[in-house]
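Welcome! Take a moment to look over the sequence and the fold, and then let us walk through them together.

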Amino acid sequence: MHALAIDGLRKRFGRSVAVEDVSLRVETGQIHGLLGPNGSGKTTTLRCALGLLRPDAGSISVLGLPPDAIHRTAGRVAVVFDRPQLLPNLDALANLAWARRLLGHSGGRSAHEALELVGIPHLARHKAGNMSLGQSRRLSIARALLGRPELLVLDEPLSGLDAVGVRSLLQLFISLREAGHTLLLSSHRLHELERVVDRITVILAGRVVRQGALSDVLSGPGQRLVLRTPQRERAVALLGGLPAAQIHRDGVEQDLLHVEGLDDAANVVARVLVEGGCPLTAVHPERRTLAAVFDDLVDAAADQGASAAGSAPTAPPTAGPPAGPPAGASAASGPSAGDPG
């Protein structure tokens, strides 16, 4: 059974489409990254999945239950939003005791067990208001772990953290996976999350543009090349005649192209450009990163949008149904303070 399954999710706010035809699977025992820029639809997707927003279309299953029945999971689902929801004048143990009463957990982990699991047992008697952002986020995660959740959802967990704080939390995520938890991490911090996620779903402008196992997404079809030429647009035109070629203009360096999808790519690219009279100053294989994949997806979406704008008139927006009340209670650690994307 999947920990979370979403099929064909659509949500509008008035005339604005927040998410359209979003589908994803979160496998039990894995770390799944829900990735995209701010405002892409990540948080809207999470809110629908947790029963905090009513979808306009689609189906959602959380541990085999619909979102409006999450309250029946009795602590098996927990969420940590991007801003810690803690009482600053209470120490860590008192915050956890308050959370246990608030969420109605009668079993699960003790407060000391939760603090030990997130690596801050020494802060048990420290007031939350005196903790650093990284310590506060760990305390929020400890609070979510009180009910021994099978699925732990974290919205922008790395936001605002320095390099030391990021590394510490990534190590915590790995240890939680090893302890049997399933994690869904929503974030725009691609470089850091590449180190821990098993599978990813990338959302742009409310739509899924890439998903799968991280290894599959990074490998991609064929060899990926980086090439430099002072005549970039001529190179694009020449390489565009190769049926399998996927060509991406670098968004920073004006003489740089990224080419993939070709067998024997280096020889094929060199031959086509030389025969076409296009100078080539450098060509070499590129190790793909999650950030590079994301940049390609953004560039491809921009190119597609520009082509569509130049070939067809823009249709007027259609108003969707009004947003309804939350579909049900979630085992959330606190209300979201993030933006609706």
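## A sheet, a helix and two cores

Strands β8 and β9 pair in the antiparallel sense, with six bridges between them. Do keep in mind that this is a predicted model. For one example of how strands meet here, find I200, whose bridge partner in β9 is G212. You can trace β8 along residues 199–204 and β9 along residues 207–213.

Now step back to the sheet that holds these strands. It is an open sheet of six strands with mixed pairing, and the order is β5-β6-β7-β3-β8-β9. The edges are taken by β5 (77–80) and β9; each has a single partner strand, so one side of each is left without a neighbour in the sheet. On average, neighbouring strands of this sheet are turned by 15° against each other, direction ignored.

Next, look for helix α5. This helix lies across β3 (31–35), β6 and β7 (182–187), and its direction is at about 150° to β7.

Which residues have the most contacts inside the largest nonpolar core? They are L115, L139, I141, L152 and F173, in a core of 50 residues. Helix α5, which spans residues 163–178, gives the most to this core, with six residues. F173 is a good place to zoom in: leaving aside residues up to four places away in sequence, F173 touches I31, I141, L154, P157, L158, L183 and L185. Apart from this core lies another one, of 25 residues, including C48, L63, L151 and I203.

Finally, a look at the backbone. Most residues other than glycine have a negative phi. Two residues here, neither of them glycine, have a positive value instead: E156 and A205. Are these two buried or exposed? The table sets them side by side.

| Residue | Phi | Loop | Relative accessibility |
|---|---|---|---|
| E156 | near 50° | between β6 (151–155) and α5 | 9%, buried |
| A205 | near 50° | between β8 (199–204) and β9 (207–213) | 69%, exposed |

E156 counts as buried because its relative accessibility of 9% falls under the 20% cut-off. A205 counts as exposed because its 69% is over the 50% cut-off. You can find E156 in the loop that follows β6 and leads to α5, while A205 sits in the loop between β8 and β9, the antiparallel pair where this tour began.

Terms used:
Residues numbered from 1 in each chain as written. Predicted model: local features only at pLDDT ≥ 70, side-chain atom pairs only at ≥ 80, totals over all residues. Heavy atoms only, no water. Core = buried A, V, L, I, M, F, W, Y, C linked by side-chain atoms within 4.5 Å. Buried < 20%, exposed > 50% of the residue type's maximum accessible area, 1.4 Å probe, protein only. Helix = DSSP H or I, 4+ residues; strand = E, 2+ residues; numbered from the N terminus. Contact = heavy atoms within 4.5 Å. Pairing = 2+ DSSP bridges. Axes fitted to C-alpha atoms, helices over the stretch in contact; angles between N-to-C directions.
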